[in-house]
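Dear colleague,

Please find below the structure that I am handing over to you. My findings follow directly after it.

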Amino acid sequence: MENFCSGVFLDFRKAYDKVNHDILLSKLDHYGIRGNVKEWFVSYLNDKRQFTSIENTNFEEETMSCGVPQGSVLGPLLFLTYINGISNCSNV
């Protein structure tokens with residue numbers, strides 16, 4: 001009899017930047033976040049703008065269409081909400 005071992009390795013370095021707002025908002029709705037509170041989250045996530053500045057060189061401002069604000073109190077909570085249920089992606 002042969003023994004097998006497998007592993008799954010996930011790289012979360014840029015994970016906060018990849019959070020899809022539509023999926024996150026639908027998960028919040030699934031967990032009962034609706035009405036004014038959900039609208040607050042929509043306004044919190046949408047129309048965020050960022051720019052980069054390197055050694056006195058400023059680059060154009062861009063609107064962020066995905067991701068959660070890093071360094072915020074809500075960032076980790078929203079990310080955990082987003083990945084909650086990730087284990088349901090596999091039948092194993």
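A residue is called buried here when its relative accessible area is under 20%, exposed when that value is over 50%, and partly exposed in between. Please bear in mind that this is a predicted model.

By that cut-off F41, at 10% relative accessibility, is buried. The same holds for Y44, whose relative accessible area is 17%. W40, in contrast, has a relative accessible area of 45% and is therefore partly exposed.

These three residues belong together, since W40, F41 and Y44 form one aromatic cluster. In general, a pair of aromatic rings is described by the distance of the centres and the angle of the planes. The structure holds three aromatic pairs. One of them joins W40 and F41 in an edge-to-face arrangement, with 5.1 Å from centre to centre and 80° between the planes. W40 also pairs with Y44, and this pair is stacked: the centres are 5.4 Å apart and the planes differ by 10°. Why are W40 and Y44 separated by about one helical turn? They are four residues apart in helix α2, and therefore about one turn lies between them.

I turn next to helix α3, which comprises residues 74-83. Its residues L74, G75, L78, F79, T81 and Y82 are buried. Because these residues cover an arc of only 160° around the axis, they lie on the same side of α3. What do the buried residues of α3 pack against? Their partners are α1 (21-30) and α2 (35-45). After α3 comes G85, which has a positive phi near 95°.

The last item is the largest pocket. About 210 Å³ of space lies in it. Its lining is made up of 13 residues, and Q50, M64, C66, V68 and P69 are those that lie nearest the centre of the pocket. By type, the lining residues divide into six nonpolar, four polar and three charged. Both α2 and β1 (48-50) supply at least two residues each to this lining. Which element gives the most to the lining of the largest pocket? That element is β1, with three residues.

Helix α2 thus appears in each of these parts: W40 and Y44 lie in it, the buried residues of α3 pack against it, and it supplies at least two residues of the pocket lining.

With kind regards

How values were computed
Residues numbered from 1 in each chain as written. Predicted model: local features only at pLDDT ≥ 70, side-chain atom pairs only at ≥ 80, totals over all residues. Heavy atoms only, no water. Buried < 20%, exposed > 50% of the residue type's maximum accessible area, 1.4 Å probe, protein only. Arc of directions from axis to C-beta. Contact = heavy atoms within 4.5 Å. 1 Å grid on protein atoms, 1.4 Å probe; cavity = no way out; pocket = protein on both sides within 12 Å on 5 of 7 lines; lining within 4 Å. Points joined across faces, edges and corners; volume = space filled by probe spheres on them. Nonpolar A, V, L, I, M, F, W, Y, C, P; charged D, E, K, R; others polar. Phe/Tyr/Trp six-rings, centres within 6.5 Å; stacked < 30°, edge-to-face > 60°.
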